[in-house]
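Good morning, colleagues. Please bring up the sequence and the model on your screens, and I shall then go through side-chain contacts, cores and charged pairs in turn.

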Amino acid sequence: MNFYVTSGTPDYMEKLIEKNTQHPLILLHGNGNSVVLHESDKKSIFAVPRKFEVIGQKGQFEQKGYFTIYNMPIMSDERPVFEKKALDTVSMLNTNDAVIAYRMLRPVKEETYLLIIQWGGPASYEVFKNSAPYEESFAQIFEGKTAALQTMFNSSSYITTYSAPPKE
C-alpha cells in the first residue's frame, strides 16, 4: 500500500480536500501549516507528494482527533536495523486503547521515515508520552535517545502535532 503526504497553507489544503471528495483524504491542521494524508494502491492525486510504503499499521485514520507525526531521518545502510527495532517497538500501540490508528512509513525517495499516530485527543498522547513504556523503549527508538541509535539518524528526529477537524 502507498501512502502520500502533502503540506501547505490551511486554505490551500482545505480547497484540495473540497476538490477531491471522492478520495479518502485526511486533513490535519498544525502550527501554521496543514497536511493532507492519502492512502491508496494507486498513484497520488497530489501535485508534489511525499511517497511512502506502509510497513506497519493499526486501524483506519478518521477525520477527527489528534495526530502525532514522528519524523526520523535514517541513514540508508541503517534502514534494515532501524525497521526491525521500530516495528518491534511500535507493536505496543496495538494494545493501547487510546490509539485510533497508526502507520509506520518507509520513505520511497527520501530518507525520513514517518510514524503517524491518531489519538482521541491530546490528553491521550500526553498520558502515553509520560508513561514508563514510552521512556523505556518508544522514545529510545523514535526519538533516538540512546547513543547506539543516534548513529542511525542523519539528523535529529522531531515530532509534529496536528488536530483533525471533524467533517461537517
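Let me begin with a question: is His 38 buried or exposed? In this predicted model, His 38 has a relative accessible area of 2%, so it counts as buried. The residue belongs to strand E3, which covers residues 34–40. Setting aside neighbours within four places in sequence, its contacts are Asn 2, Phe 3, Tyr 4, His 23, Pro 24, Leu 25, Ile 45 and Phe 46.

One of those contacts, Phe 3, leads to the aromatic pairs. The search of the whole structure returns 13 of them. For Phe 3 and Phe 61, the ring centres are 6.1 Å apart and the planes stand at 75°, so this pair is edge-to-face. It connects distant parts of the chain, 58 residues apart: Phe 3 is in strand E1 (residues 2–8), while Phe 61 is in the loop between strand E4 (50–58) and strand E5 (66–73). Phe 3 and Phe 61 are both buried.

A second pair is formed by Phe 128 and Phe 138. Here the centres are 5.1 Å apart and the planes meet at 80°, so this pair too is edge-to-face. Phe 128 comes from helix H3 (residues 122–129) and Phe 138 from helix H4 (residues 132–142), ten residues apart. Phe 128 has a relative accessible area of 7% and is therefore buried; for Phe 138 the value is 0%, so that residue is buried as well. Phe 128 and Phe 138 also belong to one aromatic cluster, together with Tyr 66, Tyr 70, Trp 119, Tyr 125, Tyr 134 and Phe 142.

Let me stay with H4 for a moment. Its buried residues are Tyr 134, Phe 138, Ala 139, Gln 140, Ile 141 and Phe 142. After the helix comes Gly 144, with a positive phi near 60°.

This brings me to the nonpolar cores. In soluble globular proteins, nonpolar side chains tend to be buried together. Here the largest nonpolar core has 25 residues, and Met 72, Leu 115 and Phe 142 have the most contacts inside it. At least two residues of this core come from each of E5, helix H2 (79–90), strand E6 (99–107), strand E7 (112–119), H3 and H4. H4 provides the largest share, five residues. Beyond residues up to four places away in sequence, Phe 142 touches Tyr 70, Met 72, Ala 86, Thr 89, Val 90, Met 104, Leu 115 and Ser 157. Apart from the largest core lies another, of 17 residues, including Leu 37, Ile 69, Leu 105 and Tyr 162.

I turn to the strands. E1 and E4 run antiparallel and are joined by four bridges; Tyr 4 has Lys 51 in E4 as its bridge partner. E4 and E6 are likewise antiparallel, with six bridges between them, and Phe 52 stands opposite Pro 107 in E6.

Strand E6 also takes us to the charged side chains. How many salt bridges does the structure hold? The structure holds six. In one of them, Arg 103 pairs with Glu 39, the closest N and O atoms being 2.9 Å apart. Arg 103 is in strand E6 and Glu 39 in strand E3, 64 residues apart. Both Arg 103 and Glu 39 are buried. The charged end of Arg 103 also sits over the ring of Phe 61, 4.9 Å from the ring centre.

A second salt bridge joins Arg 106 to Glu 83, with 2.7 Å between the closest N and O atoms. This one runs from strand E6 to helix H2, across 23 residues. Arg 106, at 24% relative accessibility, is partly exposed, whereas Glu 83, with a relative accessible area of 13%, is buried. Glu 83 and Arg 106 are part of a network of salt bridges that includes Glu 53.

The last example is Asp 88 with Lys 84, whose side chains meet in a salt bridge at 2.9 Å, N to O. Why are these two residues separated by about one helical turn? The reason is that Asp 88 and Lys 84 are four residues apart in helix H2. Asp 88 has a relative accessible area of 47% and so counts as partly exposed; Lys 84, at 52% relative accessibility, counts as exposed.

That concludes the presentation. Thank you for your attention.

Conventions. Residues are numbered from 1 along each chain as its sequence is written. This is a predicted model: local features need pLDDT of at least 70, side-chain atom pairs count only at pLDDT 80 or more; totals for chains, interfaces and linings use all residues. Side-chain values use heavy atoms; hydrogens and water are left out. Rings of Phe, Tyr and Trp (its six-membered ring) pair if their centres lie within 6.5 Å; planes under 30 degrees apart count as stacked, over 60 as edge-to-face and the rest as tilted. Buried means under 20% relative accessible area, exposed over 50%, partly exposed in between (1.4 Å probe, protein chains only). A charge sits over a ring if NZ of Lys or CZ of Arg is within 6 Å of the ring centre and within 35 degrees of the ring normal. Contact means heavy atoms within 4.5 Å. A nonpolar core is a set of buried Ala, Val, Leu, Ile, Met, Phe, Trp, Tyr and Cys residues joined through side-chain atoms within 4.5 Å. Two strands pair if DSSP finds at least two bridges between them. A salt bridge is a side-chain nitrogen of Lys or Arg within 4 Å of a carboxyl oxygen of Asp or Glu.
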